[in-house]
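Hi,

Here is the structure I promised to pass on. Have a look at it first, and then read my notes below.

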Amino acid sequence: MGFSVTVDDGDVRASWRLAVAEIGAGTAQAVRHAVRVGERVARAEAPRKTGALEASTVGELTSSTGMSAVGVVKADAPHAASIHDGSKPHEITGNPLAFESGGKKVFTRRVFHPGTRANPFIDRAAPATEDALTSEMTTIVNAATAKFSG
């Protein structure tokens, strides 16, 4: 009395290919979701003076092939890097520069900017983005492997 156990590698390979294809298809979806979460957090963290920095902050899927996907969370406003990374004191020249000081409109060709302390609002969005990606990929992999093992 007894029994035998047989594994047909053809069936295993076919099931594995289906699982990998499903994971690959879900990867772009997971990255897209994660960078949208990152965008929301970065926008909430962005300083608001004119609203231009917040408005220029986006999360987008930039490429997707097979099981690979790339997304970015970025701010494209001209002053984004100076706000995010800070700046050293520096001279600003123009023809003319105009600004308000003491309630009066001032025109000049040169000013000395004291610099700014870094406000890494994009970096502060990274943990939420990572958590969202991990959660989405876990769901996708679990669903695919459940079909593989079922």
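**The pocket and what surrounds it**

The lining residues of the largest pocket split into 8 polar, 5 nonpolar and 3 charged. One thing to keep in mind as you read on: this is a predicted model.

So what volume does the largest pocket have? It comes out at about 400 Å³. The lining is made of 16 residues, and K49, H79, I83, H113 and T116 are the ones closest to the pocket centre. Three elements supply at least two lining residues each: α2 (52–55), α3 (80–85) and β3 (90–101). Of the elements, α2 gives the most, with 3 residues.

**The first helix**

Helix α1 covers residues 9–45, a run of 37 residues. With 1.5 Å per residue the expected span is 54 Å, and the C-alpha atoms at its ends sit 52 Å apart, so the two values agree. There is a bend in α1 all the same, of about 25 degrees, and you will find it at G26.

**Salt bridges**

Side chains of opposite charge can pair when their charged atoms come close. How many salt bridges does a search of the whole structure find? The count is 6. One to click on is the salt bridge between the side chains of E45 and R124, at 2.6 Å from N to O. This pair links distant parts of the chain, as E45 belongs to helix α1 while R124 is in the loop between β4 (104–113) and α4 (126–149), and the two are 79 residues apart.

**Two hairpins**

Strands β1 (residues 57–65) and β2 (residues 68–75) run antiparallel and are joined by 8 bridges. If you want to check the register, T57 stands opposite A75 in β2, and L61 stands opposite G71 in that strand. The hairpin of β1 and β2 has 2 residues between the strands, and G66 has a positive phi there, near 60 degrees.

β3 and β4 also pair in the antiparallel sense, over 9 bridges. Here S101 has K104 in β4 as its bridge partner. What sign does phi take at G102 in the hairpin of β3 and β4? It is positive, near 60 degrees, and this hairpin has 2 residues between its strands.

One more item for anyone setting up the model: the peptide bond joining N95 and P96 is cis, with omega at about -15 degrees. P96 lies in strand β3, one of the elements that supply at least two residues of the pocket lining.

That's the lot from my side.

Cheers

Methods
Residues are numbered from 1 along each chain as its sequence is written. This is a predicted model: local features need pLDDT of at least 70, side-chain atom pairs count only at pLDDT 80 or more; totals for chains, interfaces and linings use all residues. Side-chain values use heavy atoms; hydrogens and water are left out. On a 1 Å grid over the protein atoms alone, a cavity is a set of points where a 1.4 Å probe fits but cannot get out, and a pocket is an open set with protein on both sides within 12 Å along at least five of seven lines; lining residues have an atom within 4 Å of a point. Grid points are joined across faces, edges and corners, and a volume is the space filled by probe spheres set on the points. Helices (H or I, at least four residues) and strands (E, at least two) are DSSP runs, numbered from the N terminus. Ala, Val, Leu, Ile, Met, Phe, Trp, Tyr, Cys and Pro count as nonpolar, Asp, Glu, Lys and Arg as charged, and the others, Gly among them, as polar. The expected span of a helix is 1.5 Å times one less than its number of residues. The bend at a residue is the angle between axes fitted to the seven residues ending there and the seven starting there. Two strands pair if DSSP finds at least two bridges between them. A salt bridge is a side-chain nitrogen of Lys or Arg within 4 Å of a carboxyl oxygen of Asp or Glu.
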